[in-house]
Amino acid sequence: MARANNPVSNPTIQWYPGHIAKAEKQLQKNLNKVDLVIEVRDARIPLATAHPDLIRWTKGKQHLLVVNRLDMISLNARKEWDEWLRRKGLTPWWCNAKQGTGIKQLQQAIIRSGSQLNERRVLRGMRPRPVRALTIGFPNVGKSALINRLVRQKAVASERRAGVTRTLRWIRVGQDIDLLDAPGVLPTRLNDQHSALLLALCNDIGQAAYDIETVAISFINILKQLEDKPSAGVKSCLLEKKYGIALETEKMGAFHWLNAVSKIHTSSDRVRMSQRIVDDYRRTSLGLIALELP
Ligand SMILES: Nc1nc2c(ncn2[C@@H]2O[C@H](COP(=O)(O)OP(=O)(O)OP(=O)(O)O)[C@@H](O)[C@H]2O)c(=O)[nH]1
Ligand SMILES: [Mg+2]
């Protein structure tokens, strides 16, 4: 996508790469083989990483909701989301697939699902078998990392970018579970550009899909808005402390702020500065910031 000279024009984020179209077809073929769908969302953006087709995918199957990256938001944000999701009738399984937090509880929940399935099979005169579970979710939310934690070894590739898993692969966990690792999926169209922006910020869509400068400028504006919400985790004077210049919106818009900090840090290279700010967010060096709150 061409870089915007005027970032206010906000070019739309396009993001449906070919491999995802292929992955979705493979997924459709394999759906009838699974008993349980483990949906994985990103704790920083639990709404933007809710896939609109999920209801169709989980039809007739059990469903577990994993909210991963719990280490990337504050405890207060987590509490607010937990209550909100439970009010909606969902049971969130909070995990940190990088460190292994919450994995044991999730494994037990998967095994319980399997036991229920096998009780029904035995009643119908069939032999018990391992429960077949599919991990599904947007790219880069941590599906493969979660599987590696469940099997306690690096069974599948897991890296810091979207689009690492390219094909479906079955992994046996102990005696009770068969897990299917799948590539991240995206809606064919995302009508909501704000969600698209949040996905870009969290590295949940490929970098080729967006203009980094536009994303950085929007991020600065989002940070400003989140300052009023303590559980979002935006510390006061964050931008000034981190980059040396305060953003006083009355005097200076985000674009001019970016210009000013680029002069100090990247020899006026706004693209490099934008990348640095976004990377700082992604590796939590701006703090634990929840981009969405209930
Ligand atoms: N901080 C943190 N990092 C995580 C967590 N879970 C996964 N990661 C990291 O996030 C990156 C992406 O993880 P993957 O497991 O490759 O994500 P994925 O959903 O399989 O991605 P695709 O295969 O591209 O769809 C890796 O660098 C992981 O180490 C988590 O809970 N917390
Ligand atoms: Mg993967």
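Before I begin, one definition: in what follows, Ala, Val, Leu, Ile, Met, Phe, Trp, Tyr, Cys and Pro count as nonpolar, Asp, Glu, Lys and Arg count as charged, and the others, Gly among them, count as polar. With those classes, the residues lining the largest pocket divide into twelve nonpolar, eleven polar and ten charged. Please keep in mind throughout that this is a predicted model.

Let me stay with that pocket. The largest pocket has a volume of about 630 Å³, and of the 33 residues that line it, those closest to its centre are Arg-69, Asn-140, Gly-142, Glu-159 and Arg-160. Two elements, α1, which spans residues 18-31, and α5, give two or more residues each to this lining, and it is α5 that gives the most, with three residues.

What takes up the space of the largest pocket? That space is taken by ligand 1, so let me turn to the ligand's own surroundings.

There are 23 residues around ligand 1, and the ones that come nearest are Asp-71, Lys-143, Ala-145, Gly-163 and Thr-165. For three of these I can give you distances, each of them to an oxygen atom of the ligand. A polar side-chain atom of Lys-143 lies 2.6 Å from such an oxygen, a backbone N or O atom of Ala-145 lies 2.7 Å from one, and for Thr-165, where the atom in question is again a polar side-chain atom, the distance is 2.8 Å. As for how much of the ligand is covered, the protein takes 93% of the 660 Å² of accessible area that ligand 1 has on its own.

Helix α5, residues 143-151, appears here as well, since with three residues it gives the most to the shell around ligand 1. By class, that shell is made up of seven nonpolar, nine polar and seven charged residues.

Finally, the enclosed space. The structure holds one cavity of 30 Å³ or more, and the largest cavity has a volume of about 40 Å³. Its lining includes Glu-39, Val-40, His-51, Leu-54, Trp-57, Ile-136, Phe-138 and Val-185. At least two residues of the lining come from each of β1 (36-42), α2 (54-58) and β4 (131-137). Which classes make up the lining of this cavity? There are seven nonpolar residues, three polar ones and one charged.

To close, then, I would leave you with the pocket of about 630 Å³, whose space is taken by ligand 1, and with the cavity of about 40 Å³.

Key:
Residues are numbered from 1 along each chain as its sequence is written. Chains are lettered from A and ligands numbered from 1 in the order in which they are written. This is a predicted model: local features need pLDDT of at least 70, side-chain atom pairs count only at pLDDT 80 or more; totals for chains, interfaces and linings use all residues. Side-chain values use heavy atoms; hydrogens and water are left out. A residue is near a molecule or strand if one of its heavy atoms lies within 4 Å of it. A polar contact is a pair of N or O atoms within 3.5 Å; within protein, one must be able to donate a hydrogen and the other to accept it, and residues adjacent in sequence count only if both atoms are side-chain atoms. Accessible areas come from the Shrake-Rupley method with a 1.4 Å probe; for residues, only the protein chains shown count as cover. On a 1 Å grid over the protein atoms alone, a cavity is a set of points where a 1.4 Å probe fits but cannot get out, and a pocket is an open set with protein on both sides within 12 Å along at least five of seven lines; lining residues have an atom within 4 Å of a point. A molecule sits in a cavity or pocket if more than half of its atoms lie within 2 Å of its grid points. Helices (H or I, at least four residues) and strands (E, at least two) are DSSP runs, numbered from the N terminus. Grid points are joined across faces, edges and corners, and a volume is the space filled by probe spheres set on the points.
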